[in-house]
Amino acid sequence: MTPYGGVQVQIAVSNRKIAGVQAVALPTGGHSGRISSIVAPMLRSETLAAQSASINVISGATYTSLGYAKSLQSALDAAGI
């Protein structure tokens with residue numbers, strides 16, 4: 001959870017690498033929803049490039065970025081990566 005809503009990330013793994021990532025929950029409604037729709041593809045690109053949860057925080061979407069990274073790390077831990 002973030003102050004603006006829940007964040008949940010789902011990953012697809014192939015050969016112990018992140019093959020895909022999808023945000024299944026991001027903050028919605030109003031300004032938070034607009035921000036989420038803008039930053040979701042950016043966070044996805046960051047994840048695929050980094051191949052880890054060590055991604056850059058996107059200015060203006062700090063809480064969403066941090067929530068995304070935390071959920072991503074949880075998914076990586078569950079996958080044993």
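This passage describes the packing of two helices, one aromatic pair and several individual residues in a predicted model.

Helix α1 covers residues 30–50. Helix α2 covers residues 62–79. The two helices pack at an angle of about 45 degrees, and their axes lie 11 Å apart. That angle makes α1 oblique to α2. The crossing of α1 past α2 is right-handed. On the α1 side, the contact is made by Val39, Leu43, Arg44 and Thr47. On the α2 side, Thr64, Ser65, Tyr68 and Leu72 take part.

The length of α2 agrees with expectation. At 1.5 Å a residue, its 18 residues should span 26 Å. The C-alpha atoms at its ends are 26 Å apart, which agrees. The buried residues of α2 are Thr64, Ser65, Gly67, Tyr68, Ala69, Ser71, Leu72, Ala75 and Leu76. These buried residues pack against β1, β2 and α1. Strand β1 runs over 8–14, and strand β2 over 17–25. Just after α2 comes Gly80, with a positive phi of about 75 degrees.

Thr47 sits in α1. Its relative accessible area is 0%, so Thr47 is buried. Beyond its neighbours within four places in sequence, Thr47 is in contact with Ile18, Val21, Ser52, Ile55, Tyr68 and Leu72. Tyr68 and Leu72 also belong to the α2 side of the helix contact. Both are listed among the buried residues of α2.

Ser65 is a residue of helix α2. Its relative accessibility is 2%, so Ser65 counts as buried. Setting aside residues up to four places away in sequence, Ser65 touches Leu43, Val57 and Ile58. Of these, Leu43 is one of the α1 residues in the helix contact.

Ile58 lies in the loop between α1 and α2. With 13% relative accessibility, Ile58 counts as buried because the cut-off is under 20%. Residues up to four places away are again left out of its contacts. On that basis, Ile58 touches Val39, Met42, Leu43 and Ser65. Val39 is 19 residues from Ile58 in sequence. In space, the C-alpha atoms of Ile58 and Val39 are 7.4 Å apart. Val39 and Leu43 of α1, and Ser65 of α2, also take part in the contact between the helices. The loop residue Ile58 thus touches members of both sides of that contact.

Strand β2 contains Ala23. The relative accessible area of Ala23 is 27%, so this residue is partly exposed. Not counting residues up to four places away in sequence, Ala23 touches Gln8, Val9 and Tyr68. Tyr68 is a buried residue of α2. Ala23 and Lys70 are 47 residues apart along the chain. Their C-alpha atoms are separated by 12 Å.

The structure holds one aromatic pair. The ring centres of Tyr4 and Tyr63 lie 5.6 Å apart, with the planes at 55 degrees, so the pair is tilted. The pair links distant parts of the chain, as Tyr4 and Tyr63 are 59 residues apart. Tyr4 is in the segment before β1, and Tyr63 is in helix α2. Tyr63 has a relative accessible area of 44%, so it is partly exposed.

Two residues other than glycine take a positive phi: Arg16 and Gln51. For Arg16, phi is near 60 degrees. Arg16 is placed in the loop between β1 and β2. Its relative accessible area is 58%, so Arg16 is exposed. For Gln51, phi is near 55 degrees. Gln51 lies in the loop between α1 and α2, as does Ile58. Gln51 is partly exposed, with a relative accessible area of 29%. Ile58, by contrast, is buried at 13%.

Technical notes. Residues are numbered from 1 along each chain as its sequence is written. This is a predicted model: local features need pLDDT of at least 70, side-chain atom pairs count only at pLDDT 80 or more; totals for chains, interfaces and linings use all residues. Side-chain values use heavy atoms; hydrogens and water are left out. Helices (H or I, at least four residues) and strands (E, at least two) are DSSP runs, numbered from the N terminus. Buried means under 20% relative accessible area, exposed over 50%, partly exposed in between (1.4 Å probe, protein chains only). Contact means heavy atoms within 4.5 Å. Rings of Phe, Tyr and Trp (its six-membered ring) pair if their centres lie within 6.5 Å; planes under 30 degrees apart count as stacked, over 60 as edge-to-face and the rest as tilted. The expected span of a helix is 1.5 Å times one less than its number of residues. Axes are lines fitted to C-alpha atoms, for helices over the stretch in contact, and angles run from 0 to 180 degrees between N-to-C directions. Angles under 35 degrees count as roughly parallel, over 145 as roughly antiparallel, 65 to 115 as roughly perpendicular and the rest as oblique. A crossing is left-handed if the near helix is turned anticlockwise from the far one by less than a right angle, and right-handed if clockwise.
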